[in-house]
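Here are my notes for someone opening this entry for the first time. Please keep the sequence and the model side by side while reading.

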Amino acid sequence: MKNLSVRHIKELSYTSFLGFINQWNVPPGAYETINKWVTFSNMDEKSHLLEIATTTGFSLREASILSGCSGVGIDISKDSIKAAQLNKSKYQPNSKIEYIVDDAYKYVTNKPFSHVIIGAALRFFDEPEKVIEKCVKDFWESEGYLLSCEFYIVEDIPQSLVDKAYEVFGIHITQVPYKEVMSVYEGLELIYEDRKKPIPETEEELQYYCKCTIDRVVQEKGIKDEEIYQALFDRLYLIKKTSNDLREYQNYNILVHRYRKNLFPNRYVELF
């Protein structure tokens, strides 16, 4: 690949780097999470999904495989959407889904969505409550489902790791407890929740994942320079290692919330 340098790789934003290497940026819990979203939100071939911050398109693509749904994935990263489109053409070419570059705050649709997937991306937005307000105002009609995951702390994260995570991901990671994290969903009905404790990956598992991903991208892009290969591998490994280190201090949950116009924003059911 022409004009690709180690410096360029290091200077790419986090999301642009994920798009460039076509990382399958999965929600916490990966396939298990998507299976539960599909099952407990009654998703089927009549469902029409929006995935916000789709990156390389994994969640929408896998939901369409399981349910036969149609859908749209949006992301502000051109590199990520290009990779999502490539993945669709290779792994789900006959699906009724598409990927476009757009901003969740500004996206306009002429067809209401039955489901919105946000995954663990809600905290990437400066004002997460406004994303939910956008769903209510513009994406759902009389009812709809919000499919998400949330990280929450179970033990204080060392400041050195907080600082490292900011350098790696470009955002301030979640450092709030469960109840505070969940407060943003106050006006929605909690239909399903599964609270999970992540298990750290071993060094061998991290290395294998990074090797598989970088081997694929250099083949797809025709990269032969060993220095470039190592720079790609090292940055992906840093991302994965940082995420892995955080698992000691965070739990996550798999969430299915329902919006019903005639109830929102009231809650008449106890929380447990």
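1. Start with helix α10, residues 226-246, in this predicted model. The helix has 21 residues. From its first C-alpha to its last, α10 reaches 30 Å. That is close to the 30 Å expected at 1.5 Å a residue.

2. How does α10 begin? D225 caps its N-terminal end. A side-chain oxygen of D225 lies 2.7 Å from the backbone nitrogen of E227.

3. Next, look at which side chains of α10 are hidden. The buried residues are I228, A231, L232, F233, R235, L236, Y237, I239, K240, T242, N244 and L246. Note that R235 and K240 are on this list, as are T242 and N244.

4. What do the buried residues of α10 pack against? Four helices are partners: α1 (6-11), α2 (14-21), α7 (159-169) and α9 (203-221). Strand β7 is a partner too.

5. Now step back to K224, in the loop between α9 and α10. Is K224 buried or exposed? Its relative accessibility is 79%, and the cut-off for exposed is over 50%, so K224 counts as exposed. The C-alpha atoms of K224 and I9 are separated by 15 Å. Along the chain, these two residues are 215 residues apart.

6. Turn to the enclosed space. How many cavities of 30 Å³ or more does a search of the whole structure find? The search finds one. About 40 Å³ of space lies in the largest cavity.

7. Which residues line the largest cavity? One stretch of the lining is G187, L188 and E189. R258, Y259 and R260 also line it, together with L263, F264 and N266. Strand β7 (residues 250-260) gives the largest share, three residues. Strand β7 is also packed against by buried residues of α10. By class, the cavity lining has four nonpolar, two polar and three charged residues.

8. Last, the second largest pocket. About 280 Å³ of space lies there. It is lined by 14 residues. Closest to the pocket centre are M182, Y185, E186, R267 and L271. Which elements give two or more residues to this lining? They are α8 (178-182) and β6 (189-196). By class, the pocket lining has seven nonpolar, two polar and five charged residues.

Terms used. Residues numbered from 1 in each chain as written. Predicted model: local features only at pLDDT ≥ 70, side-chain atom pairs only at ≥ 80, totals over all residues. Heavy atoms only, no water. 1 Å grid on protein atoms, 1.4 Å probe; cavity = no way out; pocket = protein on both sides within 12 Å on 5 of 7 lines; lining within 4 Å. Points joined across faces, edges and corners; volume = space filled by probe spheres on them. Nonpolar A, V, L, I, M, F, W, Y, C, P; charged D, E, K, R; others polar. Expected span 1.5 Å × (residues − 1). Buried < 20%, exposed > 50% of the residue type's maximum accessible area, 1.4 Å probe, protein only. Contact = heavy atoms within 4.5 Å. Polar contact = N/O pair within 3.5 Å; in protein donor to acceptor, adjacent residues only side chain to side chain.
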